[in-house]
Amino acid sequence: MSPPVAVILALAVGTYTFRLVGPVLHGRVELSARVQELLSAGAVVLLVALLATGALTEGGGFAGWARPAGVLAGGVLAWRRAPFVVVVLGAAGVTAVLRVAGVA
């Protein structure tokens with residue numbers, strides 16, 4: 001077996017193990033309120049980091065100003081509780097308009 005295939009299989013097993021642990025341990029393990037708060041905060045931090053890297057970088061460098069502006073517009077629409085389709089189309093529209101206007 002080649003090393004890339006072994007790595008892919010190991011990641012697949014790990015992923016399915018994590019997915020299985022939740023239902024198996026549900027009701028058997030009690031987490032304190034502090035641990036639940038920390039887990040919620042950690043999830044938010046990971047999502048913000050993913051959003052930042054996806055919005056600001058492309059190919060190891062800065063992605064330009066159009067993409068972050070589109071992400072910001074989508075974030076504002078989501079914060080205002082717009083429907084998902086409106087959020088996606090709004091973000092894509094802002095990005096497209098800025099790129100057509102010459103903003104990289």
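**Figure 1. The whole chain has a radius of gyration of 20 Å, where a compact globule of 104 residues would have one near 13 Å.** Welcome to the overview; the model shown here is predicted. Measuring along the principal axes, the C-alpha trace spans about 55 × 45 × 25 Å. Buried residues account for 11% of the 104 residues in the chain. The surface that the chain exposes comes to about 8,300 Å², and 74% of this is supplied by carbon and sulfur atoms.

**Figure 2. The chain's 4 helices and 2 strands are laid out along the sequence.** Following the chain from its start, you will meet the pattern α-α-β-β-α-α. Take contacts in the chain with a separation of 6 or more: 41% of them join residues 24 or more positions apart.

**Figure 3. A nonpolar patch of about 660 Å² sits on the surface.** Its members are L20, V21, V24, L25, V29, L31, V35 and L39. Which helices take part? At least two residues of the patch come from each of α1 (3-25) and α2 (33-56). The largest share is from α1, which gives 4 residues. Look also for L31, found in the loop between α1 and α2. With a relative accessible area of 42%, L31 is partly exposed, because that value falls between the 20% limit for buried and the 50% limit for exposed.

**Figure 4. F62 and W65 form an edge-to-face aromatic pair.** The count of aromatic pairs comes to 1. The ring centres of F62 and W65 are 5.1 Å apart, and their planes meet at 70°. This makes the pair edge-to-face, because planes over 60 degrees apart are placed in that class. Is W65 buried or exposed? At 61% relative accessibility, W65 counts as exposed, since the cut-off for that label is over 50%.

**Figure 5. R81 has a positive phi in a loop between two helices.** The loop in this view links α3 (66-79) and α4 (84-100), and R81 lies within it. What is the phi of R81? It is near 65°, a positive value in a residue other than glycine. The relative accessible area of R81 is 75%, so this arginine is exposed.

How values were computed: Residues numbered from 1 in each chain as written. Predicted model: local features only at pLDDT ≥ 70, side-chain atom pairs only at ≥ 80, totals over all residues. Heavy atoms only, no water. Buried < 20%, exposed > 50% of the residue type's maximum accessible area, 1.4 Å probe, protein only. Rg over C-alpha atoms; globule rule 2.2 N^0.38 Å. Contact = heavy atoms within 4.5 Å. Areas by Shrake-Rupley, 256 points an atom, 1.4 Å probe, with all protein chains shown as cover. Patch = residues over 30% accessible without salt bridge, like charges linked within 9 Å, V, L, I, M, F, W, Y side chains within 5 Å. Salt bridge = Lys/Arg side-chain N within 4 Å of Asp/Glu carboxyl O. Phe/Tyr/Trp six-rings, centres within 6.5 Å; stacked < 30°, edge-to-face > 60°.
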